[in-house]
Amino acid sequence: MLQSLYKCQRNLCTKIRKTSFLVQFVSTSCGSNIPTDESKSLINLRHRKVHGLSRRTIISEAKVLKLETDTCSKVSAVVEFFQNHGFSATQVKKIIRQRPKLLASKVDKTLKPKLDFLLSIGFSEDECSKIICRKPHILARSLRKQLAPSFDSLKTFMGSRVRALAAIKRFPQILFSNVSHSWKQTVQVLGQIGIPDSQVSEFIFMSPSCLTINPRKMREVGLKLKEMGFDVTSPAFRAAFSPMCVLSHSNLERKLETYRRLGFSDSEILNIFRSQPTCMFYTEENIRAIVAFYVDRLHFSLSILSKRPHFLLFSLERRLIPRCSVMQVLWSRGTVSKVGKLCSILSASGKDFLQKYVTKYEAEVPELQAAYRGELMFNEYSFHLREICQISMSKGSSSKTKVA
């Protein structure tokens, strides 16, 4: 068994070397407008450290990478096909990373008919590229036996072509299912867990992924969420339902334990989950990073975060750091002597924040743009510290910091 595993490792390395040559060929010999370093990274994304991979992963990778040097023209045609239909270099990389077998596909026989189908049912070229980038396996499915029948059924059950297209954009994998069969099962289960008949169709429209979930698992998750206090008619229930159906018990426990170790009580965790279920589906690393930022840099208390769990949904890189950096620069330069409440600053729309704090002052404070791009970091954000005050908690509780 061990000898066989080592042989798989050697074969995988050989395939990677050969495929790397092919990708370089595409960029240098086929008129590709993907930069050389970009095209090389198409395969570099597949070039992982072989030692330490599981046997299943090694065998899977070895089976996937079967390209040989005599398929260069085919690879060239595939990359050019994507480029000619509006796919960006980043999208091409992502597609090849997820589905490397597509490099050996026949454009006219395999790829073009699927793209033409998506265009014919009403998607724009830009929408097609986004859908295929999210789920490139669509290009490997049978058009006659799978994609077309699934769309026809989906259109019937959703009530219109427009709603069917919207469902596919939310969850492209829905085209891989037997919609007629799964729809009946899903309607039955949703009724059993208490979704009113009048809301079942809308529930499926907003969460089309439920059509691909095992009915038994759906039933278990629905009843569990009801036990946790979720209202089955609320948007929060719908937001928690599908992710919970694909999240293993052990994975969920790890996330709960992460919140506990950060200091949240079980009641606070439950409040976060019921209010903003998405918070429970971040990686443990992301959970720790965003909570640490609020507590260590902004001096939020855990109690405040549990009462305003939507703050945990804000992106650290795209919202929190840029906005706090802008306010810190304005404060330290004396450009503003009084700022609004931090909660309001963080919650404001991107357009409003940009107009009020960046565009308004960027002429006199040149570094504002760098701050807004998240390029400036501070050990402590002090622009809002006058807001922080100690509050007395209920008897038996220690005082905690609160944002005014």
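## Helices α5 and α7

In this predicted model, helix α5 (residues 89-98) and helix α7 (residues 125-134) have axes that come within 8 Å and cross at roughly 35°. The crossing is left-handed. On the α5 side, the residues that do the meeting are Q91, K94, I95 and Q98, and on the α7 side they are S129, K130, I132, C133 and R134. Sort that contact by class and you get three nonpolar, three polar and three charged residues.

Helix α7 also holds C128. With a relative accessibility of 0%, C128 counts as buried, since the cut-off for buried is under 20%. Skip the neighbours within four places in sequence, and C128 is in contact with L115, L118, L119 and F123. Another residue to look at from here is G86: C128 and G86 are 42 residues apart in sequence, yet their C-alpha atoms are 9.4 Å apart in space.

## Helices α6 and α8

Next up are helix α6 (residues 107-120) and helix α8 (residues 143-158), whose axes come within 12 Å and cross at roughly 10°. The two helices are therefore roughly parallel to each other, because angles under 35 degrees count that way. From α6, the contact uses P113, K114 and F117, while α8 brings L143, L147, A148 and F151. By class, that makes six nonpolar residues, no polar ones and one charged one.

## Helices α16 and α18

Now for helix α16 (residues 284-297) and helix α18 (residues 316-332). Their axes come within 12 Å, with a crossing angle of roughly 15°, so α16 and α18 are roughly parallel to each other too. The crossing of α16 past α18 is left-handed. In α16, the residues in the contact are A289, I290, F293 and Y294, and they meet L316, L320, I321 and C324 in α18. The class count for this contact is eight nonpolar residues, with no polar and no charged ones.

Helix α16 shows up again if you look at T258, which sits in helix α14 (residues 249-262). T258 is buried, at a relative accessible area of 8%. Leaving out residues within four places in sequence, T258 is in contact with E284, I287 and R288. As for I287, the C-alpha atoms of T258 and I287 are separated by 7.6 Å, although the two residues are 29 apart along the chain.

## A buried loop residue: V232

Not everything buried here is in a helix. V232 lies in the loop between α12 (215-227) and α13 (235-246), and V232 is buried, with a relative accessible area of 13%. That puts V232 in the buried class, as the cut-off is under 20%.

Which residues does V232 touch, not counting those up to four places away in sequence? They are I193, G194, I195, K226 and F237. There is also G222, ten residues away along the chain, with a C-alpha separation from V232 of 8.2 Å.

## Two more loop residues: L385 and H299

L385 is in the loop between α21 (368-372) and β1 (388-391). Is L385 buried or exposed? Neither, quite: L385 is partly exposed, with a relative accessible area of 32%, because that class lies between the 20% and 50% cut-offs. Setting aside neighbours within four places in sequence, L385 is in contact with H299 and E380. Measure along the sequence and L385 and L342 are 43 residues apart, but in space their C-alpha atoms are 9.7 Å apart.

H299, one of those contacts of L385, belongs to the loop between α16 and α17 (302-307). Its backbone is worth a look: H299 has a positive phi of about 60° although it is not a glycine. For background, most residues other than glycine have a negative phi.

## The chain as a whole

Zooming out, the chain has 21 helices and two strands. Of its 404 residues, 44% count as buried. The accessible surface of the chain comes to about 20800 Å², and carbon and sulfur atoms account for 50% of that.

Sequence separation comes up here as well. Take the contacts between residues at least 6 apart in sequence: 72% of them join residues at least 24 apart. The contact of T258 with I287, residues that are 29 apart along the chain, is one you can find in the structure.

Key:
Residues are numbered from 1 along each chain as its sequence is written. This is a predicted model: local features need pLDDT of at least 70, side-chain atom pairs count only at pLDDT 80 or more; totals for chains, interfaces and linings use all residues. Side-chain values use heavy atoms; hydrogens and water are left out. Axes are lines fitted to C-alpha atoms, for helices over the stretch in contact, and angles run from 0 to 180 degrees between N-to-C directions. Helices (H or I, at least four residues) and strands (E, at least two) are DSSP runs, numbered from the N terminus. Angles under 35 degrees count as roughly parallel, over 145 as roughly antiparallel, 65 to 115 as roughly perpendicular and the rest as oblique. A crossing is left-handed if the near helix is turned anticlockwise from the far one by less than a right angle, and right-handed if clockwise. Contact means heavy atoms within 4.5 Å. Ala, Val, Leu, Ile, Met, Phe, Trp, Tyr, Cys and Pro count as nonpolar, Asp, Glu, Lys and Arg as charged, and the others, Gly among them, as polar. Buried means under 20% relative accessible area, exposed over 50%, partly exposed in between (1.4 Å probe, protein chains only). Accessible areas come from the Shrake-Rupley method with a 1.4 Å probe; for residues, only the protein chains shown count as cover.
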